[in-house]
Amino acid sequence: MRHWLFLLCCLLAGVAQAAPVSKAYLSIIIDDLGQSSERDNRTLALPGPITMAIMPDTPHASDFARQAHKAGKTVILHMPMDPATGPYAWHPGIALEELSRRLDAALNKVPFAAGINNHMGSRMTAQREPMTWLMAELQRRQLFFVDSRTSAATVAAAQAQAQGLAHVSRDVFLDDVRTPEAIAGQLQQGIALARKQGSAVLIGHPYPQTLAVLEQALPQLQHQGVQLIGLHQMIAERGNLAMPAHGHKGRYSNAVPPR
């Protein structure tokens with residue numbers, strides 16, 4: 001058995017020995033899809049309700065969105081935001097009319113999107129005016145929002161909460177370090193967090209290392225007392241409240257103070 005597989009088994013065994021909680025829900029989003037049919041198909045084959053976040057400026061965006069929807073997966077638009085570039089990307093200073101046009105064009109490229117999350121966006125999600133507009137627009141379109149939390153300065157989830165928009169925030173990135181050992185460790189962190197606070201939202205990418213770890217680990221989750229759920233159920237479970245790492249008493253730390 002390869003070293004990382006042994007490590008993963010040990011990590012999952014450690015989670016199984018932890019003190020149980022009444023519920024432990026996990027949601028996993030795979031970003032950056034639509035670029036490679038091989039990676040897309042391998043991601044689609046992962047067991048359970050994995051969310052497919054598809055970039056609009058990729059060669060397979062529309063076809064893969066239809067394929068994923070037909071397979072019963074939740075599809076979301078992985079919306080490029082500054083410092084991302086390209087014809088759909090949002091940047092500070094762009095007029096709301098142009099942001100709206102780019103959002104329309106991106107959603108047209110990713111059919112069946114149930115919501116959006118930000119691709120990059122460390123600068124853009126810190127801009128309160130466009131984030132306020134975006135959440136109102138998503139509310140109008142009956143779409144949800146996932147704050148990828150690429151920056152501690154993000155106000156996106158806080159604006160979603162303020163407007164009552166269905167949303168969640170990411171808790172753990174799986175693959176900032178692209179080795180099987182590191183990814184297995186991040187997955188264990190997500191599982192431990194789900195057991196501690198009741199739920200955790202994880203984001204990864206279709207890297208071969210990430211997919212290999214998930215292929216081995218996902219079938220074992222149920223045995224560890226962890227339930228993999230889709231984003232709609234996760235949103236319902238969290239009830240638009242901030243997790244402890246993101247705020248205080250359910251309110252996001254970057255929210256506008258009440259008057």
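Ser199 has a relative accessibility of 5% in this predicted model, so Ser199 counts as buried, the cut-off being under 20%. The residue sits in strand β8, which covers residues 199–204. Along the chain Ser199 is 175 residues from Ala24, yet the C-alpha atoms of the two are separated by 5.4 Å. Setting aside neighbours within four places in sequence, the contacts of Ser199 are Tyr25, Asp171, Leu193, Ala194, Met234, Arg238 and Met243. One of these contacts, Leu193, and another, Ala194, fall in the range of helix α7, residues 180–197.

Helix α7 also holds Pro180. With a relative accessible area of 18%, Pro180 is buried, because the cut-off is under 20%. The C-alpha atoms of Pro180 and Gln222 are separated by 21 Å, with their positions 42 residues apart along the chain. For Ser199 and Ala24, the corresponding values are 5.4 Å and 175 residues.

The strands β1, β2 and β3 can be followed through their pairing. Strand β1 spans residues 25–33 and runs parallel to β2, to which three bridges join it. In that pairing, Ile30 has Met52 of β2 as its bridge partner. Strand β2, residues 51–54, pairs in turn with β3, again in the parallel sense and over three bridges. Here Ala53 has Ile76 of β3 as its bridge partner. Strand β2 is thus joined to β1 and paired with β3.

How are the two faces of these strands covered? In a regular strand the side chains alternate between the two faces of the sheet. For β2, Thr51 and Ala53 lie on one side, Met52 and Ile54 lie on the other, and all are buried. Both bridge partners named for β2, Met52 and Ala53, therefore belong to these buried residues, on opposite sides of the strand. Strand β3, residues 75–81, is mostly covered, with seven of its seven residues buried. On one side of β3 are Val75, Leu77, Met79 and Met81, and on the other are Ile76, His78 and Pro80. Ile76, the bridge partner of Ala53, is on the side that also carries His78 and Pro80.

The backbone has some values to check by eye. Most residues other than glycine have a negative phi, and most peptide bonds are trans. Asp32, in strand β1, has a positive phi near 65° and is not a glycine. Asp32 is buried, with a relative accessible area of 14%. Met120, found in strand β4 (residues 113–120), likewise has a positive phi, of about 60°, without being a glycine. Met120 has a relative accessible area of 39% and is partly exposed. The peptide bond from Asp82 to Pro83 is cis, with omega near 15°. Pro83 is in the loop between β3 and α4.

Two helix contacts remain. The first is between α2 (residues 37–44) and α3 (residues 61–70), whose axes come within 11 Å and cross at roughly 15°. That angle makes α2 roughly parallel to α3, because angles under 35 degrees count as roughly parallel. The crossing of α2 with α3 is right-handed. Asp40, Asn41 and Leu44 on the α2 side meet Phe64, Gln67 and Ala68 on the α3 side. By class, this contact has three nonpolar, two polar and one charged residues.

The other contact is between α4, residues 96–109, and α5, residues 128–141, which pack at an angle of about 45° with their axes 11 Å apart. That makes α4 oblique to α5. The crossing of α4 and α5 is right-handed, as is that of α2 and α3. From α4, the residues in the contact are Leu96, Leu99, Ser100, Leu103, Asp104 and Leu107, and from α5 they are Glu129, Pro130, Trp133, Leu134, Glu137 and Arg141. By class, the contact of α4 with α5 has seven nonpolar, one polar and four charged residues.

Terms used. Residues are numbered from 1 along each chain as its sequence is written. This is a predicted model: local features need pLDDT of at least 70, side-chain atom pairs count only at pLDDT 80 or more; totals for chains, interfaces and linings use all residues. Side-chain values use heavy atoms; hydrogens and water are left out. Axes are lines fitted to C-alpha atoms, for helices over the stretch in contact, and angles run from 0 to 180 degrees between N-to-C directions. Helices (H or I, at least four residues) and strands (E, at least two) are DSSP runs, numbered from the N terminus. Angles under 35 degrees count as roughly parallel, over 145 as roughly antiparallel, 65 to 115 as roughly perpendicular and the rest as oblique. A crossing is left-handed if the near helix is turned anticlockwise from the far one by less than a right angle, and right-handed if clockwise. Contact means heavy atoms within 4.5 Å. Ala, Val, Leu, Ile, Met, Phe, Trp, Tyr, Cys and Pro count as nonpolar, Asp, Glu, Lys and Arg as charged, and the others, Gly among them, as polar. Buried means under 20% relative accessible area, exposed over 50%, partly exposed in between (1.4 Å probe, protein chains only). Two strands pair if DSSP finds at least two bridges between them.
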